[in-house]
Amino acid sequence: MSYKEYSGSAGGWGALKATTEHLLKSENVAKNLMNLLRTNQDHGFDCPGCAWGEKGVPGHFRFCENGAKAVNWEATSKHVDSKFFAEHSVNWLNKQSDYWLEFQGRLSEPVSYNAATDHYEAISWDDAFAFIAQHLNALDNPDQAEFYTSGRASNEAAFLYQLFARRYGTNNFPDCSNMCHEATSVGLAEAIGVGKGTTRIEDFEKADAIFLFGQNPGTNHPRMLETLASAYKRGARIVAFNNLKERGLERFTNPQDPLEMLSNGYTPTTSDYFIPKLGGDMAAVRGMVKVLLARHRDAVASGNTVFDLPFIEQHTQGIDAYLAQVDATSWQQIEQQSGLSQQQITQAADIYQAADSVIVTWAMGVTQHKHSVQTIQELVNLQLLFGQVGKEGAGLCPVRGHSNVQGDRTVGINEKPTAAFLDKMEQVFGFAPPRKPGHGVVAALEALRRGDSKVFIGLGGNLVAAAPDTSRVASAMRGAALTVNIATKLNRTHVNPGQNALILPCLGRTDIDLQAAGPQQITVEDSFSMVHGSAGKVDMRDEDIRSEIAIVAGIAKATLGEHTPVDWQALTDNYDRIRDLIEQVIPGFSQFNQRLNAPGGFYLGNSARERQWHTVSGKAQMLSYPLPDAIVPLPKAKTNGQQIFLLQTMRSHDQYNTTIYGYDDRYRSVFGERNVVFVNPQDMQQLGLNTGDLVDITSLWHDDIARHIYAFKVVPHEIARGNLAAYFPEANALIPLDSFGDRSETPTSKSVAVVIQKSCHAPLLVSTD
């Protein structure tokens, strides 16, 4: 490992250098230069990376560094076929790094696992579909199958997928939403009647203050940096609550700004930066409300107000119980749990109160805790007290990860579908869909582990790498009777096959999708409920690859029959027909095909933005909870008097989700290494650790299962005392599968109780070639 202090801004020359390096690494330079110019453009393709939106105005460049990495990674000239698998056993492949597996190139023909030889072998598409149908139709009941979905799947593919599985007879739809923003979907639906954010990207141009909780846009959604820098320049206050310092939340050099680039200048992306403890955001917001409540009562005594009482009276319910809970929360508990002083929290409250229009945003630093739903509803309460929902330049903005994770949920990828959705499915398609709630990710993995579920089909994704409790999840996958993975690149899940396994290569976002009716386009939905068309430009006809839609339809036709409940081939031939069906089932998609090519896409609408509250009471709910007794509830016997740290998993700057593009994390000054742990310098001193020392980390949980990671190198970082951070998937082995959020069942990847000690193990050596 090389630890070199990186003094540059987010973006800037560092971003251009990294983009160039990844362009060359793709071995497809000329084509990928053109691909980058088509990224997020009208009549181009939607970035396969994050879900940050576009303003719909003309622009030469609409990609960021990580978007460029995603495009170059997907549109490589290298490929993986049956010859490759003949040379490498699955056991050998499973010993290689995640980076090495995906770096081998695009999957280029369907293959089937031969357990006797431990190799994948070529199989025809028809035989693959028949094999899947044979296994599905032999199950005792449909709930023994799990239908996983990645957020990269298009609206059209996801809609067909859920139609097929529901006609087959199950609501088992574990998907990546379960592991990231499920707490958002649950928390917002209960509070405001819709599980999506209420802002549009134009609101960021009008907000007086933007509060960011638990997110790192510099790595996870870099296009947001330009939005924040623009807001800062016009005078908005931008307040970050993040448990470690991140360069993207400090300053940004816009690669498209010649003056900033030539002068090595930058624009701040935040005006105020607070570093709470992991899981302490709810306490920090509770403290802000406590400050503002005291001011409101003082104001009322003199005939004025601080809260928006007309809005509260007309649009909300539950204020008295909530404010009683605020009164019952002591400053001692707030300061202890948040890690912030009353003075710091008062400073944040001052900024909030002074702003007329406020946007509150959050990401997985908020959603991956046991009390995440409660935290999100605390954020909602703050906004409701000031009428900051359904107002221009204001609102609630969960920042989603993968490019269509929100769209997949919109079109039906939901293990707990609403009765209204199922009623509409029955009306349009003429069959009675299952009503019993299905499995999310944790329940699906537990069912596979117990042997209750027999078949796993993954529409994209890399569940073994993404999920917690790595060895137990891999074992569960290997115990399945059949695993099927629809994918563009080789990954960790593929090298942990079931007793029988198929890898089915699919077209990516950058590829031309040529069907009987001609070139097709698909659609995705961004974090602002905007639906965009996307059509790739890379010709893949020399490879034996099919579109996600053609693969899903092929499986459905083989399993259910050619016309049950739809003509699967006709839908594959022309995706307009799929969109016609979506229009009939899903609100907001009227005239779907006609609106598809509108510049910037079209808006699905948001009921809460219109101050229409689809809750039981018909009003927005202020929901109240005490602060949690502990971020990670552990019996004293498990702590054994040891010094307990809270660890979070996170991405490096050279990765997106489980895809590892390289071994550098320049914004955190780490180069050539991923097995690292970030530690507060004062904690390092107390533990007698120096930079580069090797440590072993053990997680603590209620069970007696040993969960360790070994020989991780210590890196100093400005992080809350008592907190640690390490990359996933490397640190996922520490997260217990049954440690998940209340009501969201999202793994608690941001609050893992651990102990740390000097290591006796040699460091793991990996190839970066």
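Mentor: We begin with helix H8 in this predicted model. H8 is mostly covered, with 13 of its 14 residues buried.

Trainee: What span should the 14 residues of helix H8 have at 1.5 Å a residue?

Mentor: The expected span is 20 Å, and the end C-alpha atoms of H8, which covers residues 155-168, lie 20 Å apart, so the two agree. Gly169 follows H8 and has a positive phi, near 125°.

Trainee: How many residues of H19 are buried?

Mentor: The count is 14 of the 14, so H19 is largely enclosed by the rest of the structure. Helix H19 takes in residues 372-385 and reaches 20 Å from its first C-alpha to its last, close to the 20 Å expected. Just after H19 comes Gly387, with a positive phi of about 65°.

Trainee: Why do residues three or four places apart in an α-helix point the same way?

Mentor: An α-helix has 3.6 residues a turn, so residues at that spacing share a direction. For a contact between helices, take H13 (residues 281-301) and H16 (residues 331-338), whose axes come within 8 Å and cross at roughly 145°. The crossing is left-handed. On H13 the contact is made by Ala283, Ala284, Arg286, Gly287, Lys290 and Val291, and on H16 by Trp331, Ile334, Gln337 and Ser338. By class, that contact has five nonpolar, three polar and two charged residues.

Trainee: Is Glu673 buried or exposed?

Mentor: Glu673 has a relative accessible area of 8%, under the 20% cut-off, so Glu673 is buried. Glu673 sits in the loop between strand E28 (670-671) and strand E29 (676-679). The side chain of Glu673 makes a polar contact with that of Lys713, at 3.4 Å.

Technical notes
Residues numbered from 1 in each chain as written. Predicted model: local features only at pLDDT ≥ 70, side-chain atom pairs only at ≥ 80, totals over all residues. Heavy atoms only, no water. Helix = DSSP H or I, 4+ residues; strand = E, 2+ residues; numbered from the N terminus. Buried < 20%, exposed > 50% of the residue type's maximum accessible area, 1.4 Å probe, protein only. Polar contact = N/O pair within 3.5 Å; in protein donor to acceptor, adjacent residues only side chain to side chain. Expected span 1.5 Å × (residues − 1). Axes fitted to C-alpha atoms, helices over the stretch in contact; angles between N-to-C directions. Left-handed = near helix turned anticlockwise from the far one by under 90°. Contact = heavy atoms within 4.5 Å. Nonpolar A, V, L, I, M, F, W, Y, C, P; charged D, E, K, R; others polar.
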